[in-house]
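Student: Could you walk me through this structure while I have it open? I would like to start with the overall build and then move on to details.

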Amino acid sequence: MPMTLSDAAYDVLTTASPIEKANLTREHVKNWRAGTIDLIGHVDLPDRPARPDKPELLHPSNMPKRGKAGSDKTKIALLHALAHIELNAIDLAWDIMARFAHYAWQNVTSDNEFTLPKPFFDDWCKVADDEAKHFLMLSGRLKDFNAAYGDLPAHDGLWESAERTAEDFAARLAIVPMVLEARGLDVTPGLIDQMKKQGDHNTAELFQIIHDDEITHVKAGTDWYDAWCKFYGKDIETTWQDMVQVYFNGKLKRPFNDHSRQKAGMLKHWYDPLAEL
Ligand SMILES: [Fe+2]
Ligand SMILES: [Fe+2]
């Protein structure tokens with residue numbers, strides 16, 4: 001049996017070693033792009049992705065404080081926290097492709113069912129590949145500071161959104177790319193400035209690459225959410241706002257990066273009313 005895209009997802013999700021997870025991702029995506037993997041298939045997914053023994057996963061409220069700005073220790077903590085987010089993002093990208101594989105054009109049997117065409121899987125393969133690239137870049141930068149992913153504790157809040165939206169394709173898009181990754185767009189420009197002020201242009205450049213790639217991830221989320229809304233004749237703005245209320249704890253945080261959000265297809269009048277004052 002040839003490997004399907006769902007098998008590839010299973011392979012990545014059940015691999016515990018972070019570096020191996022990232023490298024496998026890049027390899028499988030290469031095979032998808034080359035057409036060596038061309039079936040979507042079906043697979044029973046694990047509830048949680050495999051993770052290494054380290055880092056220790058703590059409740060977000062038990063995470064140690066980051067310390068003084070400008071010190072190596074603080075920078076290592078920042079790079080480590082971002083690497084952890086990227087590692088989760090790798091798993092999230094594979095999870096959406098395999099969990100909702102029943103919508104794939106190859107698996108849908110009737111004309112009046114919601115269907116995801118090949119470009120959806122192309123988009124999410126790109127997301128997975130970018131996240132793997134981001135994880136490897138951040139790991140490399142940690143190494144420059146004699147540190148590694150796993151050295152510090154990390155917080156365990158990230159997979160919760162995946163679990164909460166595991167039954168609902170549209171809710172997954174509404175929360176993961178359109179809330180969480182969009183939040184990344186708001187935060188990274190400040191981090192880039194911080195690094196430049198500290199004279200750390202290597203890290204600034206790395207964060208810029210991540211930021212620019214993430215715009216395309218939010219855009220993919222918005223585009224496919226729009227496709228889903230159109231299919232069911234729903235209004236994208238109110239449908240998204242309702243889903244954020246139901247599936248996302250707490251209000252959205254300001255300030256927003258309206259410019260990058262707009263590039264990603266997210267309009268201010270959708271998210272602004274959901275923000276805390
Ligand atoms: Fe990323
Ligand atoms: Fe992303």
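Tutor: We will go from the whole chain to its domains, then to the core, and last to some single residues. Please keep in mind that this is a predicted model.

Student: Fine. How many helices and strands does the protein chain have?

Tutor: The protein chain has ten helices and two strands, and along the sequence they follow the pattern α-α-β-α-α-β-α-α-α-α-α-α. Its radius of gyration is 19 Å, close to the 19 Å that the globule rule gives for 277 residues, so the chain is as compact as a globular protein of that length.

Student: What box do the C-alpha atoms fill, and what percentage of the residues count as buried?

Tutor: Taken along the principal axes, the C-alpha atoms fill a box of roughly 60 × 50 × 30 Å. Of the 277 residues, 39% count as buried. If you look at contacts with a separation of 6 or more, residues 24 or more positions apart account for 78% of them.

Student: Which domains is the chain divided into?

Tutor: Domain 1 is made of 1–40 + 71–98 + 114–151, and domain 2 covers 156–277. Their C-alpha centres lie 19 Å apart, and 13 residues of domain 1 are in contact with 14 residues of domain 2.

Student: Which helix gives the largest share of the domain 1 side?

Tutor: H4 does, with seven residues. By character, the residues on that side of domain 1 divide into seven nonpolar, two polar and four charged.

Student: Now the interior. How many residues are in the largest nonpolar core, and which have the most contacts inside it?

Tutor: The largest nonpolar core has 70 residues, and those with the most contacts inside it are Ile 90, Ala 93, Met 97, Ala 174 and Met 178. The elements that give two or more residues to this core are helix H1 (5–13), H2, H3, H4, helix H6 (169–197), helix H7 (201–231) and H8, and H3 gives the most, with 14 residues.

Student: Where does this core lie relative to the two domains?

Tutor: The core lies between domain 1 and domain 2, because both give residues to it.

Student: Pick one of those well-connected residues. What does Ala 174 touch?

Tutor: Not counting residues up to four places away in sequence, Ala 174 touches Tyr 225, Trp 240, Met 243, Val 244 and Tyr 247.

Student: Back to H3. Is it enclosed or exposed, and what is its span?

Tutor: H3 is largely enclosed by the rest of the structure, because 21 of its 28 residues are buried. Its end C-alpha atoms are 40 Å apart, which agrees with the 40 Å that 28 residues should span at 1.5 Å a residue.

Student: And H4, how far does that reach?

Tutor: H4 has 27 residues and reaches 39 Å from its first C-alpha to its last, close to the 39 Å expected at 1.5 Å a residue. Lys 143 belongs to this helix, which covers residues 118–144, and Lys 143 is exposed because 12 other C-beta atoms lie within 10 Å.

Student: What follows H4?

Tutor: H4 is followed by Asn 146, whose phi is positive, near 55 degrees. Asn 146 lies in the loop between H4 and strand S2 (154–155), and it counts as exposed because it has 9 C-beta neighbours inside 10 Å. For background, most residues other than glycine have a negative phi, and most peptide bonds are trans.

Student: Where are the cis peptide bonds before Pro 55 and Pro 255?

Tutor: The bond from Lys 54 to Pro 55 is cis, with omega near 5 degrees, and Pro 55 lies in the loop between helix H2 (18–34) and strand S1 (57–58). Another cis bond joins Arg 254 and Pro 255, with omega about -5 degrees, and Pro 255 lies in the loop between helix H8 (236–247) and helix H9 (258–263).

Student: Last one: is Ser 161 buried or exposed?

Tutor: Ser 161 counts as buried, because it has 20 C-beta neighbours inside 10 Å. Ser 161 is found in helix H5 (residues 158–164), and leaving aside its neighbours within four places in sequence, it is in contact with Ile 175, Val 176 and Leu 180. Asp 122 and Ser 161 are 39 residues apart in sequence and 23 Å apart in space, C-alpha to C-alpha.

Terms used
Residues are numbered from 1 along each chain as its sequence is written. Chains are lettered from A and ligands numbered from 1 in the order in which they are written. This is a predicted model: local features need pLDDT of at least 70, side-chain atom pairs count only at pLDDT 80 or more; totals for chains, interfaces and linings use all residues. Helices (H or I, at least four residues) and strands (E, at least two) are DSSP runs, numbered from the N terminus. Domain bounds come from an automatic or database domain assignment. Two residues are in contact if their C-beta atoms, placed from the backbone, lie within 7 Å. Ala, Val, Leu, Ile, Met, Phe, Trp, Tyr, Cys and Pro count as nonpolar, Asp, Glu, Lys and Arg as charged, and the others, Gly among them, as polar. The radius of gyration is taken over C-alpha atoms; the globule rule is 2.2 Å times the number of residues to the power 0.38. The expected span of a helix is 1.5 Å times one less than its number of residues. A nonpolar core is a set of buried Ala, Val, Leu, Ile, Met, Phe, Trp, Tyr and Cys residues joined through C-beta atoms within 7 Å.
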